[in-house]
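Visitor: I'm new to this one. Can you walk me through it?
Guide: Sure, here it is.

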Amino acid sequence: MTADLKASFEKIKKYNGKINALITVVEGAQPTVDGLLSGKTFVLKDSYLTKGIKTTAASNVLRDYVGQYNATVYQKLLDAGATLVGKANMDAWGHGATNENSDFGPVRNPYDLTRSAGGSGGGPAAAVTTGMADFGIGEDTGGSIRNPAAWCNITALKVTYGRVSRYGCIAYASSFDSVGPTAITAQDCALILKVIAGRDKHDATSSPEKVDDYPKMLGNSLRNLRLGWPEDLFSKEVDPEIRMAIEEAKGKFEKMGMEIIPIKMPLLFYGISLYYVIAPSETSSNLSRYDGLRFGNDRTFFGAEAKRRIMMGTYALSSGYYDAYYKKAQQVRTLLIEEYKKAFDKCDVILMPVMPCHPNRLGEFENDPIKNMLIDIYTVTQNTAGVPSIALPCGFSKTGLPIGMQVVGKMFSEGALLNVGYQFQQVTNWHNRRPKI
Amino acid sequence: MDIKHVAKLANLTVSEDEVKKYGSQLSSVLDLVNKLKKIDTEGVEPTYQVTGQENCWREDEIDTTSMLKLDKKVFKIPKILNHDG
């Protein structure tokens with residue numbers, strides 16, 4: 001990690017007006033204790049509660065809301081000596097893939113200011129890639145950590161469901177939500193995960209599974225590790241430049257001794273349909289608490305996308321439609337989990353695209369919310385199944401836009417995924433190419 | 001989808017313009033999710049969560065840090081009314 005406190009604030013001053021990555025800047029922030037992350041600065045997606053500092057979820061409903069307690073992940077980072085410098089922009093409530101559903105304006109992509117930084121966590125990714133902070137904490141429900149990481153050229157980990165406590169994180173879809181680190185390198189992500197992972201008595205869904213010493217797991221050889229290659233997923237829908245970059249990465253992995261195993265996962269194409277039943281259902285329930293009495297403003301302050309998702313979820317859960325939509329989707333979820341299990345009988349990790357396309361031009365999807373949903377195609381199924389996935393920079397388009405890939409692993413295989421990322425970053429330099437703005 | 005009815009269930013107010021706009025947008029979302037009907041799920045158990053855990057109880061311990069202070073038989077709370085002025 002490179003930036004120190006002073007450098008972070010200089011970058012924030014210089015770039016935030018251009019890219020709109022941060023909603024709140026924590027002026028005068030200072031570390032209070034020494035620890036594993038001493039001297040490091042970070043941003044939190046604005047979905048994490050911070051006592052005394054505004055938490056908005058990028059929605060007008062919570063525009064001036066100040067939390068009463070600290071999210072567990074935030075407290076753990078403070079206790080490790082890291083310093084919070086900002087609360088980062090996002091699609092309101094996590095609803096979106098391009099950050100254009102933020103009530104605080106979209107985050108601009110630092111590699112091309114006319115384009116999206118990705119979503120829902122465009123803010124943390126754009127802040128990290130421009131050096132406003134050493135690392136960011138995102139929240140991934142259907143790609144919200146990995147998608148902006150791919151479009152902003154950083155490394156990011158969506159952890160196994162329950163690996164990191166969700167206590168104090170404003171809920172989107174509770175059975176999918178996962179908290180994870182984003183940074184320039186996989187090595188940094190390993191150190192951060194070591195600090196934030198583990199059982200939390202305040203989150204009953206957090207896992208009692210032992211936390212590995214992730215930084216120590218870096219450096220193991222990739223020889224004979226089996227890399228699943230789901231040929232079908234690289235269909236016509238993937239931009240040819242993205243496909244080519246990932247094929248080149250596959251070649252690198254092969255050279256490093258990994259065995260390439262062709263696999264088929266046809267059910268993954270139903271992931272979007274499944275996701276857009278379950279996630280809206282859960283969000284309609286989670287957002288029902290915002291009635292203007294206990295938190296912030298009343299329900300007329302919800303934006304269009306939140307309203308659409310609340311209504312979609314309410315419909316899917318309503319009497320007479322529950323079996324056809326909600327229950328059906330949860331049955332397909334069982335089949336999808338089996339599909340992942342079958343794949344992991346044949347291979348150890350699976351290589352996939354993160355995004356099917358390059359960052360969109362801001363406003364491009366304005367009248368077509370479905371298009372905004374469809375670009376989640378490769379990132380929603382890992383949340384449905386609960387499995388972890390690391391997003392890694394793997395190239396650039398001819399026009400200078402970053403390209404990312406993801407490596408998906410079995411439940412609680414974060415150590416192995418971070419090592420794959422670490423090894424890849426020993427032989428490539430994509431992750432070090434910073435934007436010129 | 002009857003937008004007005006669903007909005008009422010969800011405690012949302014929608015304008016006439018929104019009814020029209022959301023009506024067509026949500027019918028495209030329904031087309032998208034209706035693809036699930038093609039999958040045979042006869043006899044498949046639904047999955048509602050992936051933690052692998054069930055019945056997570058915590059110890060039934062008293063957390064005194066979350067309690068109001070007791071002074072003999074009355075609760076002591078921070079002063080909320082200003083009597084000085």
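Guide: One term up front: helices (H or I, at least four residues) and strands (E, at least two) are DSSP runs, numbered from the N terminus. This is a predicted model, where local features need pLDDT of at least 70, side-chain atom pairs count only at pLDDT 80 or more, and totals for chains, interfaces and linings use all residues. Residues are numbered from 1 along each chain as its sequence is written, and chains are lettered from A and ligands numbered from 1 in the order in which they are written.

Visitor: How many helices and strands does chain A have?
Guide: Chain A has 12 helices and 13 strands. Its radius of gyration is 20 Å, close to the 22 Å that the globule rule gives for 437 residues, so chain A is as compact as a globular protein of that length. That radius is taken over C-alpha atoms, and the rule is 2.2 Å times the number of residues to the power 0.38.

Visitor: And what does chain B have?
Guide: Chain B has 2 helices and 2 strands. From the N terminus on, they run α-α-β-β. Chain B has a radius of gyration of 26 Å, but a compact globule of 85 residues would be near 12 Å. Its C-alpha atoms fill a box of roughly 65 × 45 × 15 Å along the principal axes.

Visitor: What share of each chain is buried?
Guide: In chain A, 63% of the 437 residues are buried. In chain B, buried residues make up 13% of the 85. A residue is buried if 20 or more other C-beta atoms lie within 10 Å of its own, exposed if 12 or fewer, and partly exposed in between, with C-beta atoms placed from the backbone.

Visitor: How many residues of each chain are in contact with the other?
Guide: 40 residues of chain A are in contact with 30 residues of chain B. Contact means that the C-beta atoms, placed from the backbone, lie within 7 Å.

Visitor: Which elements of chain A give two or more residues there?
Guide: They are α7 (271-286), α8 (304-317), α9 (323-346) and α10 (369-374) of chain A. α9(A) gives the most, with 11 residues.

Visitor: Is α7(A) mostly covered or exposed?
Guide: Mostly covered: 14 of the 16 residues of α7(A) are buried.

Visitor: New topic. How do α5 and α12 of chain A cross?
Guide: The axes of α5 (residues 186-196) and α12 (residues 414-427) of chain A come within 8 Å and cross at roughly 155°. Axes are lines fitted to C-alpha atoms, for helices over the stretch in contact, and angles run from 0 to 180 degrees between N-to-C directions. That makes α5(A) roughly antiparallel to α12(A). Angles under 35 degrees count as roughly parallel, over 145 as roughly antiparallel, 65 to 115 as roughly perpendicular and the rest as oblique.

Visitor: Which residues make that contact?
Guide: Among them are A:A186 and A:L193 of α5(A), and A:L418 and A:Y422 of α12(A).

Visitor: Where is there a cis peptide bond?
Guide: One runs from A:G119 to A:S120, with omega near 5°. A:S120 lies in the loop between β5 (112-116) and α3 (122-129) of chain A.

Visitor: Which residues have a positive phi without being glycine?
Guide: One is A:A58, at about 60°. A:A58 counts as buried because it has 33 C-beta neighbours inside 10 Å. Another is B:N55, with phi near 45°. B:N55 has 5 such neighbours, so it counts as exposed.

Note on methods
Contact = placed C-beta atoms within 7 Å.
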